[in-house]
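Biologist: Got a minute to walk me through this one? I'd like to start with a strand pairing.

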Amino acid sequence: MRKNIFWLILTAVIVFVIFFNSSTSPLIAAFEEKVSLIEQRMSDSKLVANFLSYLESNFKDRIVWDNGRLIIDFRIKKEADEKPSLKDSLGGEYVNPLPEVTSEKDMYVLIKDSLENTASDVSFVVSSSFCGSNCSIDDVLGKTSEIAKLILSHHPELAYADKWSISASTYKSSSYKITITFNYFYPLDKVKEMKAETEAKAREIISKITSPKMTDLQKAKAIHDYIVKHTKYDYKNYISGTIPFESFTAYGVLIKGAGVCQGYTAAFNLLGQLAGLDSIGVSGTGIRNGKEVPHAWNMVRIDGKVRYIDATWDDPVPDRGDKVMYTYFNLTEKQIEKDHKWNKEDFSEKYFDYK
């Protein structure tokens, strides 16, 4: 039996030497050494078992047992064969495939998700179907900038970045590769800490002031009332022109208890989302004492209908503690447009579903 195995192995080695080129010589040399040992130690009853153990330990990824036959793959494997890569046509570098944008909604959601994750930048490919066959790179850049600006208006709870830069290059002849780099007010670690603290506080608030059994209107009122009762309008800094960045954020309203209209709007958005309400911020102007001033408020879908809430103007100045007004709560478009002006196309109902 041992002699038969010996001759089978010896025959295999001869065949390998004949049919494989010199690049396999290190492997074949190892086998020739073992064959020599077999010839010298045929009397050793453990020889075959040891030899097979050697094969398994040194060539286990090349061994195939086929119905009792031992097959060894001596082909030289290349790393490219084992780990194929996708090659990006830009710069000849191996990269992960970029997400493709084919519509305004695709771009909106991608940029919004990046801001939610406090990404430093985001890259994507804009296909030719995005804005038609005659779409130029300037058209794409302009539309990208418009959408980024809209997102920060719709979602001031994400507005920890005030500026951004956009670069573009041709991608596979018919598309464009776009990269947006965000400029945050603080280092990313600090922004993430602020957002985490604000969200934790928001979850705590919602668990106390709402319940699943409440209607949309009841939830909206609970959120409106909480913000008004627990926030002081940052009037002193507003008058002096020294408003700190925090007052423009949900962090300023929910953690510091002070803010201006953008902060009120951001806090309402964040609390509303956690309560299951559709809410976006609206940026425009408010008319006070005959003058138009920059202003922000919320557009909310309440029980299937579009309504407007301006928690800022329902909060008395100077602050009066638990005093809450409802002059600007749950208004129709016709009611609020008496002293609020905005671009209705940029703040339409369709954006509720851009998520």
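Modeller: Sure. Keep in mind that this is a predicted model. One pairing to look at: E100 has V125 in β4 as its bridge partner.

Biologist: How many bridges join β3 to β4, and do they run parallel or antiparallel?

Modeller: Two bridges join them, and the strands run parallel. β4 covers residues 121-126.

Biologist: What's the strand order in the sheet?

Modeller: The order is β3-β4-β6-β5, an open sheet of four strands with mixed pairing. β3 (100-101) and β5 (161-171) are at the edges, each with a single partner strand, so one side of each has no neighbour in the sheet.

Biologist: OK, switching to pockets. How much space is in the largest pocket?

Modeller: About 500 Å³. The lining has 18 residues, and those nearest the centre are Y233, Y238, R288, V293 and W313.

Biologist: Which element gives the most to that lining?

Modeller: That's β10, with four residues. Both α9 (235-240) and β10 (291-302) supply at least two residues each.

Biologist: And how does the lining divide into nonpolar, polar and charged?

Modeller: For the largest pocket's lining, 12 are nonpolar, three polar and three charged.

Biologist: Last topic, helices. At roughly what angle do α8 and α11 cross?

Modeller: Roughly 140 degrees, with the axes coming within 10 Å. α8 is residues 216-230 and α11 is residues 261-274.

Biologist: Why call them oblique rather than roughly antiparallel?

Modeller: Roughly antiparallel needs an angle over 145 degrees, and theirs is roughly 140, so α8 and α11 count as oblique to each other.

Biologist: Is that crossing left-handed or right-handed?

Modeller: The α8 and α11 crossing is right-handed.

Technical notes:
Residues are numbered from 1 along each chain as its sequence is written. This is a predicted model: local features need pLDDT of at least 70, side-chain atom pairs count only at pLDDT 80 or more; totals for chains, interfaces and linings use all residues. Side-chain values use heavy atoms; hydrogens and water are left out. Two strands pair if DSSP finds at least two bridges between them. On a 1 Å grid over the protein atoms alone, a cavity is a set of points where a 1.4 Å probe fits but cannot get out, and a pocket is an open set with protein on both sides within 12 Å along at least five of seven lines; lining residues have an atom within 4 Å of a point. Grid points are joined across faces, edges and corners, and a volume is the space filled by probe spheres set on the points. Ala, Val, Leu, Ile, Met, Phe, Trp, Tyr, Cys and Pro count as nonpolar, Asp, Glu, Lys and Arg as charged, and the others, Gly among them, as polar. Axes are lines fitted to C-alpha atoms, for helices over the stretch in contact, and angles run from 0 to 180 degrees between N-to-C directions. Angles under 35 degrees count as roughly parallel, over 145 as roughly antiparallel, 65 to 115 as roughly perpendicular and the rest as oblique. A crossing is left-handed if the near helix is turned anticlockwise from the far one by less than a right angle, and right-handed if clockwise.
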